[in-house]
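Biologist: I've got a chain on my screen and plenty of questions about how it holds together. Can we walk through it?

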Amino acid sequence: MYARYFGLNKPPFSIAPDPRYLFMSERHREALAHLLYGVRAGGGFVVLTGEIGAGKTTVCRSFLEQIPERCDVAYIFNPKLTVEELLASVCAEFGIPCRHEGPGVLTVKDYVDALNQYLLRTHAIARNNVLIIDEAQSLSPDVLEQLRLLTNLETNEHKLLQIVLIGQPELRAMLARPGMEQLAQRVIARYHLNALGEVDTARYVRHRLAVAGLTQSGPFDDKVLRRIYRYSRGVPRRINLLCDRALLGAYAKGKTRVDDRTVDEAAQEVLDPPEFAAARRSRYERVALVGLGLAVGAALVGALTFRADPVAGRKEPSVATTAAVPTSEPASASSSTSEPASTSSSSPPSPPVAATATPAAQTGASGSASGSADAPPPALASVPSPPAAPVFDLPTGFASLVGAENESWNELAGIWNMAPLAGEPCVAAQKQQIGCFRGSKVTLALIRLLDRPGVLTLRDADNRAAYAMLSGLNEKVATLRIGGMAQTVSLLSLADYWRGEFATFWRVPPGYADARTGNRSGPTAQWLSRQLAIARGEPPPVRSRFDDATLKDWIHAFQLTQGLPSDGIAGPLTLMQLNRVIGIDEPHLEAEK
């Protein structure tokens, strides 16, 4: 109804799991990596849990798209079945014919025998089999025990069936019961999918709007997105419901932007009354806590003032008069030192403000007096905290970064203690035995994982390229080195200009050139095998030549455990992360508070 009104090609916030709207946050990528690792490890159970609407189905669909070759999948989405019904469903999904000898109906043994024969046949031709059970929290104890028994189907070396259980948090509680120890011990990988954070919630909303065809300014500003996050608590399905209803409300009112009141009305319609009341209550509690903190701070300053100079504290008129009288130089210095304290508590009404201003005045009065014992000790003066990095306004300052590529690369080279770069940065770095990586689809999650500074390429609506060196990153802001000075940019603002283009340096292993020629006996292969063994907690291999399959398996396993794309190839991303794991000396992102 409202799509065309907001310049969209289709509704952006349907709750159907449309793969076109797939948004993989850092948490979703980690969940997917655990599923892939568990399946490739072979045998046993893999467990994925998460709240209702957290995106478990999204992860599962992505998992099915990336399932390894030569792997057959059976998917059970209605687990409220008896043991016989479950086994019949599994055999039907795998296409296994079952029959019963003699009169009567099929028994559990008939199904298990047929399944075992099928698994042995497929194993003989190097095919794997995966059973995925959704909504697994609804499984009965008898069915869970039967699933455990299915994992006993094995050869001397391999389990024949991999089982993936996907469910709500109750599934974790089920597996923790005293009677489930045997099954719990066969879980080789598990992950609990939490809701999105505030930044990822905003990115999620913008992503869906962009996929739906939005090319103009979005209908949700940063303030409204924060409100949506508080109501939805970062659960994707709730975000969809809230945003859909909020857009409908704005359309009905003839507005092109969603405001706070429209979000409140949408939340009241979408959420259950107790949830809506709890969300509103938590909001007011935050406001009350801020006010209480300011009041307590003002009271503490007043108490310290009174203890420092009780006479002045009793004589308010004379204090006010003294504050207005010019004082000697030490007094003005003391007064300026106390300024942060008076500024931080200036929000109460006028009487407390006068009391809050007293420390500066009293310090001045004491300094201009004859050095009496009543003078406050220096320890009471406010100690200025280290200056925070100034905020860089990216929309207005973007033009100053256009064409600043050389400056940004040399900022990065300085952190690496490299000589100034001349010409093409990557070529110049290679001459100094430093590797260079450029990526066009890098995510902040990957940058956090690699934990290294780099050069961001930013682009505006006209596709003009601007450059800045990223030196720090936390959940809300990025720190950029601009003109030799650290400045912060909110991640929400950065998301409007950064499309995933990132470049950085890394220390290459010995003889790195042979990694691209497939030479498994060269220095790079030997170094790689030794370092992977260290990362695995195993003794280093003593062979001078390494089996291709073994080395690829080691690389593949390392990539999965680190949340990297698992192709079994030791490319720059894999080697950078290996450097980080084994402690190679390289610059890291600054720790931001």
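Modeller: Sure, and keep in mind that this is a predicted model. Let's start with one ring pair: both Trp-409 and Phe-505 are buried.

Biologist: How far apart are the ring centres of Trp-409 and Phe-505, and what kind of pair is it?
Modeller: The ring centres are 5.3 Å apart, which puts them inside the 6.5 Å limit for a pair. The planes stand at 45°, so the pair is tilted.

Biologist: How many residues apart in sequence are the parts that this pair ties together?
Modeller: Trp-409 sits in helix H19 (residues 405-415). Phe-505 belongs to strand E11, so the pair ties together parts whose separation in sequence is 96 residues.

Biologist: Which angle do the planes of Phe-23 and Tyr-204 make?
Modeller: The whole structure has 9 aromatic pairs. Phe-23 and Tyr-204 form one that is edge-to-face, at 5.6 Å centre to centre, and the angle between the planes is 80°.

Biologist: How many residues separate Phe-23 from Tyr-204, and where do they lie?
Modeller: Phe-23 is in the segment before helix H1 (26-41), while Tyr-204 is in helix H8 (residues 198-211). Phe-23 counts as buried because its relative accessibility is 9%, and Tyr-204 is buried too, with a relative accessible area of 6%. The pair links distant parts of the chain, with a separation of 181 residues.

Biologist: Which residues do ring pairs link into a cluster?
Modeller: Here several rings are joined through their pairs. The members of the cluster are Tyr-2, Tyr-5, Phe-6 and Tyr-251.

Biologist: What is the strand order in the open sheet?
Modeller: The open sheet has 6 strands with antiparallel pairing. Strand E6 (435-439) and strand E10 (485-490) each pair on one side only, which makes them the edge strands. Reading across, the order is E6-E11-E7-E8-E9-E10.

Biologist: By how much are neighbouring strands of this sheet turned against each other on average?
Modeller: This is an average over neighbouring strands, with direction ignored. The turn comes to 35°.

Biologist: Which helix packs on the sheet, touching E6 and E11?
Modeller: The helix covers residues 572-582, and its direction makes about 60° with that of E11. That's helix H25.

Biologist: Which residue in E11 is the bridge partner of Val-455?
Modeller: Strand E7 (residues 454-459) and strand E11 (residues 498-506) pair in the antiparallel sense over 3 bridges. In E11, the partner of Val-455 is Ala-503.

Biologist: What about E1 and E5: do they run parallel or antiparallel?
Modeller: Strand E1 (residues 44-50) is joined to E5 by 6 bridges, and Gly-50 has Leu-193 in E5 as its bridge partner. Strand E5 (residues 187-193) is mostly covered, with 5 of its 7 residues buried. As for the direction of the two strands, they run parallel.

Biologist: Which cysteines does a disulfide join?
Modeller: The count comes to 1 disulfide. Its S to S distance is 1.9 Å, and the cut-off is 2.5 Å, so the pair qualifies. The two residues are Cys-426 and Cys-436.

Biologist: How many residues apart in sequence are the parts tied together by Cys-426 and Cys-436?
Modeller: Cys-426 lies in helix H20 (residues 425-431) and Cys-436 in strand E6. Cys-426 is buried at 11% relative accessibility, and Cys-436 is buried at 17%. The parts that the pair ties together are apart in sequence by 10 residues.

Biologist: Why is Cys-91 in no disulfide, and how far away is the nearest cysteine sulfur?
Modeller: The nearest cysteine sulfur is that of Cys-98, and a disulfide needs sulfur atoms within 2.5 Å, so Cys-91 is left without one. Cys-91 counts as buried at 2% relative accessibility. The distance to the sulfur of Cys-98 is 3.7 Å.

Biologist: How many residues are in the largest nonpolar core?
Modeller: Those with the most contacts inside the core are Ile-447, Leu-456, Leu-458, Leu-494, Trp-498 and Leu-528. Leu-456 touches, among others, Ile-447, Tyr-467, Leu-480 and Phe-502. Apart from this core lies another, of 37 residues, including Phe-45 and Val-143. The residue count of the largest core is 43.

Biologist: And what share of the chain's residues count as buried?
Modeller: The chain has 25 helices and 11 strands. Of its 593 residues, the buried share is 45%.

Technical notes:
Residues are numbered from 1 along each chain as its sequence is written. This is a predicted model: local features need pLDDT of at least 70, side-chain atom pairs count only at pLDDT 80 or more; totals for chains, interfaces and linings use all residues. Side-chain values use heavy atoms; hydrogens and water are left out. Buried means under 20% relative accessible area, exposed over 50%, partly exposed in between (1.4 Å probe, protein chains only). Helices (H or I, at least four residues) and strands (E, at least two) are DSSP runs, numbered from the N terminus. Axes are lines fitted to C-alpha atoms, for helices over the stretch in contact, and angles run from 0 to 180 degrees between N-to-C directions. Contact means heavy atoms within 4.5 Å. A nonpolar core is a set of buried Ala, Val, Leu, Ile, Met, Phe, Trp, Tyr and Cys residues joined through side-chain atoms within 4.5 Å. Rings of Phe, Tyr and Trp (its six-membered ring) pair if their centres lie within 6.5 Å; planes under 30 degrees apart count as stacked, over 60 as edge-to-face and the rest as tilted. Lists of a residue's contacts leave out its neighbours within four places in sequence.
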